[in-house]
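Dear colleague,

I am passing on a structure for you to look through, and my notes on what was found in it follow below the structure itself. Please read the two side by side.

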Amino acid sequence: MSVGDICSSPQHSWEVETPRLPSSAEVEFCLSLTQYESGSMDKMANYSFRNTLEGFADPRTAISNTSQSGLHNALHIYMNGSMSQVQGSANDPIFVLHHAFVDSIFEQWLRRHRPMLEVYPAANAPIGHNRENYMVPFIPLYRNGEFFKSSRELGYDYEYLQEPALDSFQEFLIPYLRQARQIWAWLVGAAVIGGIVTAVLTGLILACRKKRRGTSSEIQPLLIESEDYNNISYQSNF
């Protein structure tokens, strides 16, 4: 085969599906997406951080495009060989490095947007991927919803993501503040109801006191006891 034949030969399918590697700008665009999931948890989701990072949506528009692969999927296909096969990609040493970097992108998104656990779909996800389903066959067992925990809570961090160390008081408060964010509506409702009950009770107490003060002079005896009556002197100084 001549050089001309090589140059004129049709492109490989992986070159058409993944013409280039992802760029930093595409990663940043993906991180700017505020919705973890915008609808059904599948390849057709638009404006979904999950679907864009996974590589089924265009990393420049966040619109689903299954004819080309972006971000996570793009590197698998670009590397070709075992990395492009789901069944054997974990055998490639690049696999660990690639997925560690993808995890760091997800960690950036968590720290930037701080989503509540309810953002992760509780239903209608692919089999085994709902919020309360366990990640199998991993041991120990964790639920998919725990995927939203920060890496620092799991005992590891990324050097380029490290933030200034918090003092012990801030570290103590953070878990409670996160919990308060999840139940703030209940806290506000309880505060309003408590305020109404307190106001009603205060009004009743004040009304009772006012009534007692108003009737105190009316309960004095109109007649004098006989013993006191006998001791009264009508003597005049004149």
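Helices here are DSSP runs of H or I with at least four residues, numbered from the N terminus. With that in hand, the two partners E54 and R50, being four residues apart in helix α4, are separated by about one helical turn. Please keep in mind throughout that this is a predicted model.

Salt bridges

The side chains of E54 and R50 meet in a salt bridge, with 3.1 Å from N to O. R50 also forms a salt bridge with E37, and there the closest N and O atoms are 2.7 Å apart. Because R50 lies in helix α4, whereas E37 belongs to the loop between α3 (24–32) and α4, this second pair ties together parts that are 13 residues apart in sequence. Through the partners that these salt bridges share, E37, R50 and E54 are joined into one network.

How are the members of this network placed with respect to the surface, buried or exposed, or in between? R50 is buried, at a relative accessible area of 11%, and E37 is likewise buried, with a relative accessible area of 11%, while E54 is partly exposed, at 30%.

A further salt bridge links R20 with E26, whose closest N and O atoms are 2.6 Å apart. In this pair R20 is partly exposed, with a relative accessible area of 39%, whereas E26 is buried, with a relative accessible area of 5%. A search of the whole structure finds nine salt bridges, among them the ones described above. As general background, side chains of opposite charge can pair when their charged atoms come close.

The largest pocket

Turning to the empty space in the model, the largest pocket has a volume of about 1500 Å³. It is lined by 38 residues, of which Y120, H129, M135, N144 and F147 are the closest to its centre.

Which helices each supply at least two residues of this lining? They include α4 (49–54), α5 (71–79) and α6 (93–113), and the largest share of the lining, seven residues, comes from α6. Helix α4 therefore appears in both parts of these notes, since R50 lies in it and it also supplies at least two residues of the pocket lining. By residue type, the lining of the largest pocket divides into 20 nonpolar, nine polar and nine charged residues.

With best regards

How values were computed: Residues are numbered from 1 along each chain as its sequence is written. This is a predicted model: local features need pLDDT of at least 70, side-chain atom pairs count only at pLDDT 80 or more; totals for chains, interfaces and linings use all residues. Side-chain values use heavy atoms; hydrogens and water are left out. On a 1 Å grid over the protein atoms alone, a cavity is a set of points where a 1.4 Å probe fits but cannot get out, and a pocket is an open set with protein on both sides within 12 Å along at least five of seven lines; lining residues have an atom within 4 Å of a point. Grid points are joined across faces, edges and corners, and a volume is the space filled by probe spheres set on the points. Ala, Val, Leu, Ile, Met, Phe, Trp, Tyr, Cys and Pro count as nonpolar, Asp, Glu, Lys and Arg as charged, and the others, Gly among them, as polar. A salt bridge is a side-chain nitrogen of Lys or Arg within 4 Å of a carboxyl oxygen of Asp or Glu. Buried means under 20% relative accessible area, exposed over 50%, partly exposed in between (1.4 Å probe, protein chains only).
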